[in-house]
Each structure stands twice: as structure tokens, then as C-alpha cells.
Amino acid sequence: MSLDDGLFDEMPRRPDRPALPPLDDDTAARVLAGELAPPDAPPGYAAVATLLAAAAAPPRPEELAGEGAARATFAVARADEPARRRRRPTRLAVLVAAGVLCLGGVAAAATTGALPGPVQSAARDALATVGVSVPPPHPASSATRPPPLRHAPVTTTPAPPRVTRHPVAPHVPTTAPHVPPPPRTVPPHTGAPSLAVLLCRAAASGRLTSHGSPPVARAYETLVQLAGGAGNIPGYCRGVLGG
Amino acid sequence: MGRVLGEDFAPVLASARDGDEVSFAALWRELQPPLLRYLTVAAGGAAEDLASETWLRVARSLGSFDGDEHGFRGWVFTIARHRLLDWRRREGRARTVPRPVEALDGRGGADDPAAEAMNRLSTDAALRLLGRLPADQAEVVMLRAVAGLDVPHVARVLGTRPGTVRVLAHRGLRRLAELLVDASEDPSTGVVTP
């Protein structure tokens, strides 16, 4: 049993508990401000002082891990500013920022190279814009069963040979060379796909283009990568949004 | 979590308002940890999302803020509290179960078991304990002790009167003290049984 298991559930107040001495305003303020070391705290409040010191301890690395995403959010929000003045508020900044933040969710998988090739590539490029280094996709990861995922349970069904980018697949049925590759099938369903949905919505709104501000252009490039080519975006997004 | 920007605050804020990402990041680094802790106590696992929503609003509204560093803190936490209230409405509940944190080992020394146990208290465990306070007391204690806001700023963030903030702070501290005494009374299990 740990100390706090059930500890703070409604318990009958013990009749033999000595009443705590009242705190005056100044002492309460000093306890709250961490100005009283536990030994100097009033009787009964030493543990409170220690608890508050732990609650206000210096930042831990994981609490600052989102800086890259926060900076990207800021950049996109500011880039979107003139458009907001021109017309009704657009949700592009929200969408793109949310997409960037979603990338945070797959960052752990991406940084270990655990994502399938295409997703890994997209994540790598997008995360590069927010200062996160991601290894390139494993050469075989899009043609073979991807390694187990913890953060982005992408389907383990191998992609149909026709959509693979790797010319090494031995059994690719030959298609007419001038036919562009068909859109990718709708990809998997957490992490990156939610990013895909957000990006596709932004693209559908007409404001996600390669001619936008740098953050917008980066978001557009991410969508191009997810779709497997700019020409595939309409079909890809139909699948993402319609399915 | 004291203010580290000090006299650098005004120029940092000014260049962030001009769109400088590096300056914005300096503000973010300063406030994100206490913001996350406040939201963790108030909203458990939703804290990260609420903090992200808060910063998006801050980024878009930065031009409308005018004030000193303390005022900036209050402004950011006010935005965060609005996100929190929206979230509570969406969730249809006033409280949520705090996210799981590591177990607190209550076996302490003989002289002052409560203080000894607290010496080994991690930040996560402390936040979880604070999350067991009544919501209004927890918010006041967090805004005072972790966000570093003074009574008038806390009152503004919470939309209440300074007198109310003082009362809630007293109640919160006393409740914490009682809970911690209870925790220390049975050091063999760390759990008090009636």
C-alpha cells in the first residue's frame, strides 16, 4: 500500500486530533511563497512546506520538451495573422498547430525510427521544422512489416506493391509508365493520420498551398509527402476525409 | 519557480510581440512548467492539451497584452483558466481523476514521519496530493505557490475577491496539513484506517 492510496478519501475526522494552530495571513503567505523552510514552519506545517517545495521544484526536462512545437505554433499563428484581419477568422492556424502538436505524439516513435517509411519521412521533415532530429526511414520499412509501435499503431498490412516507392520490390506488376501512381490508401488511425485529417481539412479550405508563408508551405510539403505526391492530394484527402 | 526574466522581460515581450520566435520561446520556457503543473492538478491528463490551447491563444493575442512580468503571468494563467472552465463544461464535471503518478513511499524516519516522507516526495506525487484538495482550494494553492502569483492576481485569474482567495488559501493549507498528519500516523502502511 502506498501512502496516498485512499488516503484522502472521505475519512471520519479523528476526535483525538489536536487542533492545528491557526495561521496568520503573513505566515500563510510565507508558506505559500516557499519562504519558510520546513524546520521553520509553524507546528503542523513542516510537511506542507516540503510538499509545496516539491510542487514548485525547478522545471524537469519533460516539462520543456514541447518547446519546438510551441515555437512552430507561434510561427504559424503569427503567419496567419494578416489573413485573419482580411476575412473571417480562419481555422488554419489552429489546424496546423494541432497538426504540429500531433506530431509531438509520434515524435517518440519517429525519433526511434519506429514508423513505417512514408510516415517516417513525413514525420522527419515536419519535425525538422520544429528542431527535432529524426532518423531517415529504414530502407525496408515501407516494404516489410514495420516494427512494433507504441505511439502510432499503424496497420501492419504491407502496402500494396503499386504504392511502394522502392523499386526493389520484385513482384511489382508493370503498369503503363505514364500513369501516375494512384493515391495512397487511407493510412492508419492514430498519430499521423490525425495529422493527415487536419492537413486535408486545411487544404480543402484552399489556404494550404505551396505559396504560403514558410510554416504553411512546410505544412503543405508534409501533406504532399503523406499523399505520396502533390497530384495525389485530392484523392488522398478524399480517402482521409470521406472514409 | 521564480521569475528569471526580470528586467529582461520588457524587451523579450516586445520582440515576441514583433513575431520573434526565440523571444516567445523564452516566455514559454518561463511559464510552461508552472502552467502544466497547475493544469495537471486541475485537469489531470488533459493538462498538456489545455496548455497547448493556452499558448495558441497567447500567441494570437500577444499584441493585446500590455503590462509587466507579473501581469503577464496573470494574463497567461487567466487564459489557461478559461480553457480549463471550457474543458470542465465539455467534460460535464467539475473534477477529474488525477493522472496516475508514482506511488508515494510513506515510510519515513521516526522523529517526524510526515516531514521525512515529504522529503522523498517527488513533484508528481506532490501534484497528485494537491489534486485531492477541493478544486477551489487546490487552484488557489497552485496559483500562489507554483505560479507565484500574489493575492490580487490570483483573485483576478479566478474572478473572485482577494478576501476569498485568502480564505481558500488558509483552508487549503490547513487541509493539506491534516491530510499529511493522517498520512504519517500509520507509517507501517501509510494508510489510515478508522
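**Two helical chains, from a loop residue to the core**

With 9 C-beta neighbours inside 10 Å, Pro39(A) counts as exposed, because the limit for an exposed residue is 12 or fewer. This count, like every other value here, comes from a predicted model. Pro39(A) sits in the loop that links helix 1 of chain A to helix 2, residues 46-55. Eleven residues along the chain from Pro39(A) is Thr50(A), and the C-alpha atoms of the two are separated by 9.6 Å.

The loop that holds Pro39(A) also holds Ala33(A). Is Ala33(A) buried, exposed or partly exposed? With 15 C-beta neighbours inside 10 Å, Ala33(A) counts as partly exposed, because the count falls between the limit of 12 or fewer for exposed residues and that of 20 or more for buried ones. Ala33(A) and Ala53(A) are 20 residues apart along the chain, and 9.1 Å separates their C-alpha atoms. Gly34(A) comes just after helix 1 of chain A and has a positive phi of about 70 degrees.

Helix 1 of chain A itself spans residues 25-32, and its buried residues include Ala28(A), Val31(A) and Leu32(A). These three lie on the same side of helix 1 of chain A, because they cover an arc of only 95 degrees around the axis. The spacing along the sequence fits a general rule. An α-helix has 3.6 residues a turn, so residues three or four places apart point the same way.

The other end of chain A gives a second case. Helix 9 of chain A, residues 233-242, has Ile233(A), Tyr236(A), Cys237(A) and Val240(A) buried. Which side of the helix do they take? They share the same side of helix 9 of chain A, because their arc around the axis is only 90 degrees.

Between helix 7 (192-204) and helix 8 (214-227) of chain A there is a loop, and Ser213(A) is found in it. Ser213(A) has 16 C-beta neighbours inside 10 Å and therefore counts as partly exposed. Ala75(A) is 138 residues from Ser213(A) along the chain, yet the C-alpha atoms of the two are separated by 9.7 Å.

These local views belong to a chain with nine helices and zero strands. Chain A has 243 residues, of which 42% count as buried. Of the contacts in chain A between residues at least 6 apart in sequence, 55% join residues at least 24 apart.

Chain B also comes to nine helices and zero strands. Its 194 residues are 50% buried. For contacts in chain B with a separation of 6 or more, residues 24 or more positions apart account for 65%.

Which residues touch the most other members of the largest nonpolar core? They are Val48(A), Tyr38(B) and Leu39(B), in a core of 81 residues. Helix 2 of chain B, residues 21-43, supplies the largest share of this core, with eleven residues. A second, separate core has 18 residues, among them Ala219(A), Tyr220(A), Ile233(A) and Val240(A). Ile233(A) and Val240(A) were met above as buried residues of helix 9 of chain A.

Tyr38(B) deserves a further look. Apart from neighbours within four places in sequence, Tyr38(B) is in contact with Phe77(B), Ala80(B), Met142(B), Leu143(B), Val146(B) and Ala147(B).

Tyr38(B) also takes part in the packing of two helices. The axes of helix 2 of chain B and helix 7 of chain B, residues 135-145, are 10 Å apart and form an angle of about 170 degrees. How are the two helices oriented to each other? They are roughly antiparallel, because the angle is over 145 degrees. Helix 2 of chain B contributes Arg37(B), Tyr38(B), Val41(B) and Ala42(B) to the contact, while helix 7 of chain B contributes Ala135(B), Ala138(B), Glu139(B), Met142(B) and Leu143(B). The residues of this contact divide into seven nonpolar, no polar and two charged.

Notes
Residues numbered from 1 in each chain as written. Chains lettered and ligands numbered in written order. Predicted model: local features only at pLDDT ≥ 70, side-chain atom pairs only at ≥ 80, totals over all residues. Helix = DSSP H or I, 4+ residues; strand = E, 2+ residues; numbered from the N terminus. Contact = placed C-beta atoms within 7 Å. Core = buried A, V, L, I, M, F, W, Y, C linked by C-beta atoms within 7 Å. Arc of directions from axis to C-beta. Axes fitted to C-alpha atoms, helices over the stretch in contact; angles between N-to-C directions. Parallel < 35°, antiparallel > 145°, perpendicular 65-115°, else oblique. Nonpolar A, V, L, I, M, F, W, Y, C, P; charged D, E, K, R; others polar.
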